[in-house]
Amino acid sequence: MRDTLPSLGALRAFALVAETGSLTAAAARLNITQPAVSRRLRELEAELGVALVRRGANALRLTEAGARYAAAIEEGFARIRSATEALEAQQAGPLRVRAYTTWALRWLIPRLSRFSARHAGLQVEVVTSTAAVDFARDPVDAAIRTAPGEAPPAPGATRLQAVLVAPFAAPAAGGRRRSLAGLTLLGSRVRPADWATWFAAQGEAAPAVSPLVFESTTLAIQAAVEGLGAVICSPAFVTAELRRRQLVQLAPRAVPTGDHYWLLLPPTAPRPQALAFQSWLLEEIAAEREPAGRQRRSSIG
């Protein structure tokens, strides 16, 4: 059995001759000369050992074998065209990033203009979810997950930054005292253990009363702004509220939780846009590690 295919150029020339019924028309479509098309036909027939066309004085016709072969080849070329168009459409489509709501809203989106400036014309769609990503099923190009620093959520995941947390409260709710005394503890379902981690880092036992838990950290932050209590979260998530004095930090330093943010890409053939996003993320994070005083300093946390 043959384990090689005829020349793609010869097959394409034959397919166009079969479609147009003309060496001249096929040559024009291929942007080559008529003798070159004729030569490719002869080479294909010699390689296959089968006459594919009958040449007359003023015309040429397919043989019976040639007609069957042309139909099969055209079907193959149609599938190649369809696959190519689908691939081009995929490459031209927007970059879809799945992330946690708070990380997307309070860290990624404020920085996306820098990514867009570098990659003009590339649109980024941000979708939010706490569910694990399945690249074979989910129509996304990249995903952000949290997991322990030494236990990536998937093979090949890229570690981004440690998850750091600190308590914050509105000044009117008692935040001016820089104390948690008398404040309701606010947290999120996404990170239910952060208060316990915080108190353990202070060498204290967590209060017996469970924190008031919201669906997302974003909601818990807003609750703190409205004076409902103290929220535990990354300092990077409340930079705007701190600047506007809507919140104050109740401790001098954030503490590590042991988790990191991780970037996940498809295990096979990630889109070039996703690889560009990965490089940009790492650059942004590296810039934020620069000494204090530089223009862009904060922490993903």
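Biologist: Which residues does Ala254 touch, leaving aside its neighbours within four places in sequence?

Modeller: In this predicted model, Ala254 is in contact with Leu164, Val165, Ala166, Pro235 and Gln249. Ala254 itself sits in the loop between strand S10 (248-249) and S11.

Biologist: What makes these pairs contacts?

Modeller: Contact means heavy atoms within 4.5 Å. Ala254 meets that cut-off with Leu164, Val165 and the others just named.

Biologist: Why is Ala254 called partly exposed?

Modeller: Its relative accessibility is 25%. Buried needs under 20%, and exposed needs over 50%. The value for Ala254 falls in between, so Ala254 counts as partly exposed.

Biologist: How far apart are Ala254 and Val163, in sequence and in space?

Modeller: They are 91 residues apart in sequence. From C-alpha to C-alpha they are 9.5 Å apart in space.

Biologist: Now to S11. What makes strand S11 mostly covered?

Modeller: S11 spans residues 255-264, and 8 of its 10 residues are buried. Each of those 8 has a relative accessible area under 20%.

Biologist: Thr257 is found in S11. How do you know whether Thr257 is buried or exposed?

Modeller: Thr257 has a relative accessible area of 17%. The limit for buried is under 20%. Therefore Thr257 is buried.

Biologist: What does Thr257 touch, beyond its neighbours within four places in sequence?

Modeller: Thr257 is in contact with Val163, Val165, Arg191, Asp194 and Thr197.

Biologist: What lies 3.2 Å from a polar atom of the side chain of Thr257?

Modeller: The backbone nitrogen of Asp259 does. A polar contact needs a pair of N or O atoms within 3.5 Å, so this pair passes on distance.

Biologist: How do you know that S11 pairs with S5 and S6?

Modeller: Two strands pair if there are at least two bridges between them. Strand S5 (residues 142-148) is joined to S11 by 6 bridges. Strand S6 (residues 158-169) is joined to S11 by 6 bridges. Both counts reach the cut-off, so both strands pair with S11.

Biologist: Which way do these pairs run, parallel or antiparallel?

Modeller: S5 and S11 run antiparallel. S6 and S11 run antiparallel too. For a marker in S5, take Arg145, opposite Trp262 in S11. For S6, take Val165, whose bridge partner in S11 is Val255.

Biologist: What about the loop between S5 and S6? Why is Ala157, placed there, called buried?

Modeller: Ala157 has 17% relative accessibility. That is under 20%, so Ala157 counts as buried. Beyond residues up to four places away in sequence, Ala157 touches Pro152, Trp262, Leu263 and Leu264.

Biologist: Turn to S3 and S4. What makes them a pair?

Modeller: Strand S3 (residues 95-99) and strand S4 (residues 124-128) are joined by 5 bridges and run parallel. At least two bridges are needed, so S3 and S4 pair. Leu95 stands opposite Val124 in S4.

Biologist: How does the chain get from S3 to S4, and with which hand?

Modeller: It crosses through helix H5 (residues 101-118), and this β-α-β crossover is right-handed.

Biologist: Why is that crossover called right-handed?

Modeller: Point the strands away from you. The path from S3 over H5 to S4 then runs clockwise, so the crossover is right-handed.

Biologist: How do H5 and H7 meet?

Modeller: The axes of H5 and helix H7 (residues 217-225) come within 7 Å and cross at roughly 65°. Thr101, Thr102, Leu105 and Arg106 in H5 meet Thr217, Thr218 and Ile221 in H7. These contact residues divide into 2 nonpolar, 4 polar and 1 charged.

Biologist: Why is H7 said to be largely enclosed?

Modeller: In H7, 7 of the 9 residues are buried, so the rest of the structure largely encloses this helix. Among the buried ones are Ala220 and Val225. The buried residues pack against H5, S6 and strand S7 (185-188), among other elements.

Biologist: Last topic, the loops. Why is Asn31 called exposed?

Modeller: Asn31 has 70% relative accessibility, and the cut-off is over 50%, so Asn31 counts as exposed. Its place is in the loop between helix H2 (23-30) and helix H3 (34-48).

Biologist: And what makes Ala269 exposed?

Modeller: The relative accessible area of Ala269 is 74%, which is over 50%, so Ala269 is exposed. Ala269 also has a positive phi of about 50° although it is not a glycine.

Key
Residues numbered from 1 in each chain as written. Predicted model: local features only at pLDDT ≥ 70, side-chain atom pairs only at ≥ 80, totals over all residues. Heavy atoms only, no water. Buried < 20%, exposed > 50% of the residue type's maximum accessible area, 1.4 Å probe, protein only. Helix = DSSP H or I, 4+ residues; strand = E, 2+ residues; numbered from the N terminus. Axes fitted to C-alpha atoms, helices over the stretch in contact; angles between N-to-C directions. Nonpolar A, V, L, I, M, F, W, Y, C, P; charged D, E, K, R; others polar. Polar contact = N/O pair within 3.5 Å; in protein donor to acceptor, adjacent residues only side chain to side chain.
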